[in-house]
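Trainee: I'd like to go through a structure together, one question at a time. Could you walk me through the reasoning at each step?

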Amino acid sequence: MRTATPLPCTLAGMTEARQVALRDAAALLAARGLSWTVRRFGRGATSLPGLAAARLAPGIDARLAANLRGAALVTGTNGKTSTAKMLATIVSGIGHPVIANASGANLRQSIGTVFVNATTLRGRFRKRNTYAVLEVDEAALPAVRPAVPGAVLVMTNLFRDQLDRFGETDHLVRLWTTMLSEDQAGATIVFCADDPRVTRLAQIAGEHGARLIPYGFAGAPDRTSAAELTPEPVTCPSCGAELGRAWTAIGHLGDYLCAACGFARPQPAVTVEIVERNGLTGQRLRFAWQDAAGTQIEEVDLQLPGLGNAYNAGGAVAAAIGLGLDARAAVGALAAAVPPFARFEHFTVDGRTIVLSLLKNPATMAELTSVAQGARLDRMVVALNDAFADGRDVSWYWDCSPADLVAGRPYRLTGRRAADFAVRLKYALADDPAQDPAGYLGLVDDPTEAVDRTIAEAPRDGTVLVVATYTALLGIRAAFAARGAIPPMPR
Ligand SMILES: [Zn+2]
């Protein structure tokens, strides 16, 4: 006699694939419900649904990702938000649906949430041929990669971030080395050839069969700025000897060669050069790449200024090639790219152009200085806070000189650390007697008031640059949004 079979609705009588599909559907349903609930409360909306789905159906993110037309993971210290946003603009500009994660929501559970919200209960993306462009936290990368199998990996650069995170770069290099040493053949790695550490990491993946697409500047960029990022001591990542340099663009990024072991910058597959600067609001870029017909060249007017954004654009075009998209169409689509939150975001108030930009470490200071020096700029506000989100330790501004940022133009200081920054500036200007300290408009405690006053003083049709740490910028931006000058921050 047969023993009683389990009820048909239990999992035991089904094929394994059917069980997985059913469990995924149940997980998606639960996660969707959770997503709806947490969004109403405004907290955890970017991470909890993905976390719940992964708990109920382990590995679900990778199964959902298998239904994507293509995917890219963008990581690195600087430029990942802008590069990811440019790449998403390219993909949608070429005519494909694209899903992306919000800036800052770049851990595995957040990426799971993006998939949960974009799929049906059968695990299909609602729009056919959907691509995913995901920004990934550097430390979370080894955990995120298995969730998006086959994704093109885009590595921008590795810089020392805030001082209180010192030591992290070496830790990341070890973490990524392990990850890339275990890489499966067939991976595609897009990387900045001008960063020696990133190049060495890409080579490790290449030794395991990865396809490598390096990008970089066509040659030494013409820098208007005397502001130099205190160079980070980067020795040869292959043998540890001192690295020789032909030129540098930002910090340690540039052309390099190790005389001891021959480790050298690879020839980029995609090069970018700045043809013309357009002040604080953009630049004309020229791209070159190879295809079956030979060297191809295309130019575009980008609405984002600076060397950093030229690198980001190069990375986005190289990533588009990695995704199998048409390179010329990719360059053309970049014309529609707009600055992300507070990265040279610009708009008009009372006839004046207001430019908002984040200041968070020596690299952003050097970048701001470089862009500001080539631009018409009538007034400037520097707002410094030291809340947790700003980085409590703001002493990084001793690692670079702010003198050239304010040089020759009226500027006002504000924020909780304004008085300290005034001291820093005093020393920086004293070091350089050619600088005229007469531009100092004084200190105003409240950032919004400081900005309003500075705008009112600026000539009509003038330009006001506001650079600020994270929390100061949030407050200033919210004040502009409340008056309807810009859309509010997406939640
Ligand atoms: Zn070497």
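Mentor: Happy to! Helices (H or I, at least four residues) and strands (E, at least two) are DSSP runs, numbered from the N terminus. Keep in mind that this is a predicted model.

Trainee: Thanks, that helps with the labels. Where is Thr-120 found?

Mentor: With those runs numbered from the N terminus, we can place this residue between two of them. One is H5, and the other is strand S3, residues 131-135. Thr-120 is found in the loop between H5 and strand S3.

Trainee: Which residues is Thr-120 in contact with, leaving aside its neighbours within four places in sequence?

Mentor: Start with the exposure: Thr-120 is partly exposed, with a relative accessible area of 29%. Next, the C-alpha atoms of Thr-120 and Leu-28 are separated by 8.1 Å, although the two residues are 92 residues apart along the chain. Leaving aside neighbours within four places in sequence, the contacts of Thr-120 are Leu-28, Arg-32 and Arg-126.

Trainee: Now the metal. Which residues are the protein donors of the zinc ion?

Mentor: The spacing in sequence is a good clue, as the donor residues follow the pattern C-x2-C-x18-C-x2-C. Each donor atom is an SG, lying 2.3 to 2.4 Å from the zinc ion. The donors are Cys-236, Cys-239, Cys-258 and Cys-261.

Trainee: Why is the arrangement around the zinc ion given the name it has?

Mentor: Four donors count as tetrahedral if all angles lie between 85 and 135 degrees. Here the 4 donor atoms subtend angles of 102 to 113 degrees, so the arrangement is tetrahedral.

Trainee: How many residues apart are Cys-236 and Cys-258, the pair that links distant parts of the chain?

Mentor: Cys-236 sits in the loop between strand S6 (211-217) and strand S7 (244-250). Cys-258 is in the loop between strand S8 (253-257) and strand S9 (270-277). Along the chain the pair is 22 residues apart.

Trainee: Is Cys-236 buried or exposed?

Mentor: Buried means under 20% relative accessible area. Its partner Cys-258 has 1%, so Cys-258 is buried. At 3% relative accessibility, Cys-236 likewise counts as buried.

Trainee: Let's move to a helix. Which elements do the buried residues of H15 pack against?

Mentor: Helix H15 covers residues 470-482 and reaches 18 Å from its first C-alpha to its last, close to the 18 Å expected at 1.5 Å a residue. Its buried residues are Ala-472, Leu-473, Ile-476, Arg-477, Ala-479, Phe-480 and Ala-481. They pack against strand S12 (343-349), strand S13 (352-358), strand S14 (379-383), helix H14 (447-457) and strand S17 (463-468).

Trainee: What is the phi of Asp-461?

Mentor: Most residues other than glycine have a negative phi. Asp-461 lies in the loop between H14 and S17 and is exposed, with a relative accessible area of 52%. Its phi is positive in a residue other than glycine, near 70 degrees.

Trainee: And what is the phi of Asp-350?

Mentor: Asp-350 is found in the loop between S12 and S13. Its phi also has a positive value in a residue other than glycine, near 50 degrees.

Trainee: Which residues does Leu-141 touch, not counting residues up to four places away in sequence?

Mentor: Leu-141 is found in helix H6, residues 141-144. With a relative accessible area of 0%, Leu-141 is buried. Not counting residues up to four places away in sequence, Leu-141 touches Leu-73, Thr-75, Val-136, Leu-153, Trp-176 and Met-179.

Trainee: Which residues does Asn-106 touch, not counting residues up to four places away in sequence?

Mentor: Asn-106 has its place in the loop between strand S2 (98-100) and helix H5 (108-118). At a relative accessible area of 8%, Asn-106 is buried. With residues up to four places away in sequence not counted, Asn-106 touches Lys-80, Asn-101, Ile-111, Glu-135, Val-136, Asp-137 and Ala-140.

Trainee: One last topic, empty space. Which residues line the second largest cavity?

Mentor: The count comes to 2 cavities of 30 Å³ or more. About 50 Å³ of space lies in the second largest cavity. Its lining is made up of Arg-277, Gly-279, Gly-282, Gln-283, Pro-305, Gly-306, Ser-370, Val-371 and Gly-374.

How values were computed: Residues numbered from 1 in each chain as written. Predicted model: local features only at pLDDT ≥ 70, side-chain atom pairs only at ≥ 80, totals over all residues. Heavy atoms only, no water. Donors = N, O, S within 2.8 Å, 3.2 Å for Na, K, Ca; no water. Tetrahedral: all angles 85-135°; square planar, octahedral: opposite > 155°, others 65-115°. Buried < 20%, exposed > 50% of the residue type's maximum accessible area, 1.4 Å probe, protein only. Contact = heavy atoms within 4.5 Å. Expected span 1.5 Å × (residues − 1). 1 Å grid on protein atoms, 1.4 Å probe; cavity = no way out; pocket = protein on both sides within 12 Å on 5 of 7 lines; lining within 4 Å. Points joined across faces, edges and corners; volume = space filled by probe spheres on them.
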